[in-house]
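Let's take a walk through a protein model, one stop at a time. Have the sequence and the 3D view open as you read.

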Amino acid sequence: WFQTMDSRALSEEFNSVLEGLALNNLPGQFGLSLEAQERNLATFGLNKMTPPVKPSAVWLLMKQVFGGVFNSLLWFCVTVEVALASFMGADESDLVTPAILATVITMAGALQWWTEQQAESMMCSLQQMQSEESVAVCRKGAVDGIPSEQLLPGDVVLLEAGQRVPADIRVLSTTDTALVDNSALTGEAIAEPRKSDPIPFERGQPAVSLVEANNVLFSGTSVVEGRLAGVVFATGDG
């Protein structure tokens, strides 16, 4: 229910100095203390997603060459032709057609496998570049740029137009107009406004869910207008 919390409740939740935080009084003494940084790092770890277990490249190549209904039918045809040629005592010329067909199937599968490997390599490189992006964070009375991978819950982050949101953030202060592009999550191309006011309760429940709250930024989205300051409430797999 981070969307319903005010700065005092968030301070207690993350052991971070947040009360009175505003864009016009940063850096101040806001954010995590050194002890809190060490404790949160041990508790939550780095701000990165655990990569899924990937099958070996050899297995993927075999899957491309021999997998799929169409390839299975083609290999069945090759096997039948070779079996018939062997059974009927045909000469080597009768093996030309199945040999050519087998070569074509193998080369087509290998080409598709190589294309997918190149695309995956490019995606990994892009993710690595994004993890190394510098983010403005308030620590020890100063605003420092740190790699987004080092962000911790409780960190005070400053974002401006053109920046990617590096973690899930509860907005605490914004300029008059602050717009965020959530298309990476929702698919909607229209930028959505962001505010800092807590979401009220209705009948014991938040009036708006965390996903729909206008005072929350989610990792992977981007700021398209204005400036914002907020506290990180979830990183990595959290």
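## An exposed arginine in a loop

Start with Arg203, which counts as exposed because its relative accessibility is 88%, and the cut-off for exposed is over 50%. Keep in mind that you're looking at a predicted model.

Where does Arg203 sit? You'll find Arg203 in the loop that links strand E9 (201-202) to strand E10 (205-206). Its backbone has a quirk too: phi of Arg203 is near 55 degrees, a positive value even though the residue isn't a glycine.

## Two more backbone quirks

Next up is Asn15, another non-glycine residue with a positive phi, about 55 degrees. Asn15 belongs to the loop between helix H1 (7-14) and strand E1. Is Asn15 buried, partly exposed or exposed? With a relative accessibility of 45%, Asn15 counts as partly exposed.

Now move on to the loop between strand E1 (16-17) and strand E2 (31-32), where Pro27 is located. The peptide bond between Leu26 and Pro27 is cis, with omega at about 5 degrees.

## A buried arginine

Now for an arginine in a strand: Arg139 is part of strand E3 (residues 134-139). Its relative accessible area is 11%, and since buried means under 20%, Arg139 counts as buried.

What does the side chain of Arg139 reach? One target is the backbone oxygen of Gln150, at 3.3 Å. The Arg139 side chain also makes a polar contact of 2.6 Å with the side chain of Asp155.

If you leave out residues up to four places away in sequence, Arg139 touches a mixed set of residues, including Phe30, Gln37, Ile146 and Leu152. Gln150 and Asp155 are on that contact list as well, along with Asp144.

## A three-strand sheet

Last stop: a sheet. As a bit of background, strands of a sheet pair through backbone hydrogen bonds, and the pairing can be parallel or antiparallel.

Here, 3 strands form an open sheet in the order E8-E7-E12, and the pairing is antiparallel. Strands E8 (192-193) and E12 (222-225) are at the edges with a single partner strand each, so one side of each has no neighbour in the sheet.

How many bridges join E7 to E12? There are 3 bridges between strand E7 (residues 179-181) and E12, and these two strands run antiparallel. To spot the pairing on screen, look for Leu179, which stands opposite Glu225 in E12.

Methods: Residues are numbered from 1 along each chain as its sequence is written. This is a predicted model: local features need pLDDT of at least 70, side-chain atom pairs count only at pLDDT 80 or more; totals for chains, interfaces and linings use all residues. Side-chain values use heavy atoms; hydrogens and water are left out. Two strands pair if DSSP finds at least two bridges between them. Helices (H or I, at least four residues) and strands (E, at least two) are DSSP runs, numbered from the N terminus. Buried means under 20% relative accessible area, exposed over 50%, partly exposed in between (1.4 Å probe, protein chains only). A polar contact is a pair of N or O atoms within 3.5 Å; within protein, one must be able to donate a hydrogen and the other to accept it, and residues adjacent in sequence count only if both atoms are side-chain atoms. Contact means heavy atoms within 4.5 Å.
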